Amino acid sequence: MNSLFAVAEQFKPSDKIIDIKEFGNGNINKTFLVTLNTEEEKHFILQRINTHVFHQPELIMLNMRISTEHARRRLQHFPLSANRRWEVLHVLLTQDAQDHWVDSEGSFWRAISFIDNSQSFDTVKDIEQARETGCALGIFHTLLSDLPSGQLTDTFKGFHITPHYLAHYNEVLVKHGAGKSPDLNYCLQFIRERCGLAPVLENAKAQGKLRIHTIHGDPKVNNIMIDTASGQAVSFIDLDTIKPGLVHYDIGDCLRSGCNPLGEETGQWEAVHFDTDLCRAILQGYLSMANEFFTGNDFKYLYDSIRLLPFELGLRFFTDYLEGNVYFKVRYPEHNLARALVQFRLAESIELQETAIRNIIKDLR
Ligand code: ADP
Ligand code: GN1
Ligand code: MG
């Protein structure tokens with residue numbers, strides 16, 4: 001690999017860079033924190049984009065620039081209530097004004113501004129943080145709700161199109177088979193019994209019941225930065241998957257991540273459960289910010305999206321396990337199987353609490 005310093009100095013003068021270290025624990029890209037010796041800017045984030053996953057990284061950068069510039073403009077004209085701190089990421093340019101740099105080995109690098117005095121969490125730690133998590137997604141959607149969807153490219157066809165994942169799963173199952181074990185049987189049966197659920201959001205979209213918005217695509221809780229002093233959410237990061245889509249995929253994804261107190265990497269999958277108090281708080285926070293565009297039909301599909309997203313992610317992890325771990329980074333061969341079990345158990349817990357969740361949604365309308 002090219003020296004990290006050689007990469008970082010494409011974005012900032014070399015005499016200002018004092019340290020570079022690996023940062024974060026994402027499943028796709030590689031992230032580094034670069035430290036500078038300047039007063040005005042102490043750090044920036046350097047990332048190597050996984051081009052096996054993102055085939056058109058130049059278009060991702062374009063989407064990122066269009067959406068962050070739009071959100072920044074909107075924020076200037078419609079500041080958030082009570083002077084709430086909210087920061088929109090800046091894409092940093094190279095010394096010759098490009099939004100990325102490709103090294104001699106073909107690796108694709110980009111740099112973004114650092115959100116100071118904040119941290120991200122892998123799980124939501126209390127009700128207040130849950131509310132802030134929801135607020136963050138609501139702010140994100142609202143700032144982009146008037147961005148004409150034609151301005152963004154769908155760089156990632158099939159991403160968050162659940163029937164597409166099911167079709168791919170069926171192909172992989174035929175090609176690779178699944179073997180036999182109680183865990184495998186649980187997953188196979190789980191999918192078999194719920195495959196009819198897969199098109200629920202896509203059908204609603206096709207029937208014109210749900211409208212296309214700009215979505216984040218990956219709004220799990222560790223992509224939200226929380227102010228270290230106030231505990232308020234201050235930014236959404238990890239903007240590679242921004243695309244035109246249904247906000248329901250984002251809401252379901254945020255809830256499957258935020259309402260699982262054991263976290264998606266837990267080894268105790270049988271103990272996983274969906275916490276309805278956290279769910280109420282996240283939805284409250286979301287709706288307090290998103291009321292400008294959220295409609296009656298949007299409410300009608302909320303429960304379906306909450307149930308669908310852990311199923312979809314479990315299906316993605318399980319398919320990747322069967323296929324030989326070609327998509328998500330893994331630390332051991334059964335890692336994606338373990339992750340799938342967590343998501344399926346979470347979906348089961350949601351189903352068992354359907355009435356309670358539907359009542360929460362009804363109360364919030
Ligand atoms: P990944 O694709 O690895 O999930 P992320 O963009 O989410 O990449 O970055 C990984 C972690 O690095 C985040 O969870 C966050 O803690 C930290 N991080 C990323 N971008 C920023 C930023 N702009 N400012 C501050 N911290 C950041
Ligand atoms: C991946 O890169 P990361 O860890 O933020 C994935 C998401 C999944 C998530 C599950 C582009 O996100 O869709 O929900 O893992 N991103 C992509 O942890 O596939
Ligand atoms: Mg991330």
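Student: In this predicted model, which helix gives the most to the shell around ligand 2?

Tutor: Helix 10, spanning residues 302-323, gives the most, contributing three residues to that shell.

Student: What makes Asp218 one of the residues around ligand 2?

Tutor: A residue counts as near a molecule if one of its heavy atoms lies within 4 Å of it. A side-chain N or O atom of aspartate 218 is 2.6 Å from an oxygen atom of ligand 2, so the criterion of 4 Å is met. Asp218 is among the nearest of the 18 surrounding residues, a group that also includes Lys220, Glu264, Arg316 and Tyr327.

Student: Why is the approach of tyrosine 327 to ligand 2 called a polar contact?

Tutor: A polar contact requires a pair of N or O atoms within 3.5 Å. In tyrosine 327, a side-chain N or O atom is 2.5 Å from an oxygen atom of ligand 2, and the pair therefore qualifies. The protein covers 97% of the 440 Å² of accessible area that ligand 2 has on its own.

Student: How is the shell around ligand 2 divided by class?

Tutor: It holds eight nonpolar, four polar and six charged residues. Domain 1 (1-114) and domain 2 (115-365) each supply at least three residues to this shell.

Student: What makes aspartate 238 a polar partner of ligand 1, and what of ligand 2?

Tutor: The limit for a polar contact is 3.5 Å. For ligand 1, a side-chain N or O atom of aspartate 238 is 2.9 Å from an oxygen atom of the ligand. For ligand 2, a polar side-chain atom of aspartate 238 lies 3.0 Å from a ligand oxygen atom. Both pairs are within 3.5 Å, so both are polar contacts.

Student: Which other polar contacts does ligand 1 have, from a side chain or from the backbone?

Tutor: The side chain of glutamine 47 places an N or O atom 2.9 Å from an oxygen atom of ligand 1. Asparagine 222 has a backbone N or O atom 3.0 Å from an oxygen atom of ligand 1. Taken alone, ligand 1 exposes 540 Å², of which the protein buries 94%.

Student: How do you know that ligand 1 lies between the domains?

Tutor: Domain 1 (1-114) and domain 2 (115-365) both give residues to its shell, so ligand 1 lies between them. By class, that shell comprises seven nonpolar, nine polar and one charged residue.

Student: Why is ligand 1 said to sit in the largest pocket?

Tutor: A molecule sits in a pocket if more than half of its atoms lie within 2 Å of the pocket's grid points. Ligand 1 is assigned to the largest pocket, and ligand 2 also sits in the largest pocket.

Definitions and conventions. Residues numbered from 1 in each chain as written. Chains lettered and ligands numbered in written order. Predicted model: local features only at pLDDT ≥ 70, side-chain atom pairs only at ≥ 80, totals over all residues. Heavy atoms only, no water. Polar contact = N/O pair within 3.5 Å; in protein donor to acceptor, adjacent residues only side chain to side chain. Areas by Shrake-Rupley, 256 points an atom, 1.4 Å probe, with all protein chains shown as cover. 1 Å grid on protein atoms, 1.4 Å probe; cavity = no way out; pocket = protein on both sides within 12 Å on 5 of 7 lines; lining within 4 Å. Helix = DSSP H or I, 4+ residues; strand = E, 2+ residues; numbered from the N terminus. Nonpolar A, V, L, I, M, F, W, Y, C, P; charged D, E, K, R; others polar. Domains from an automatic or database assignment.
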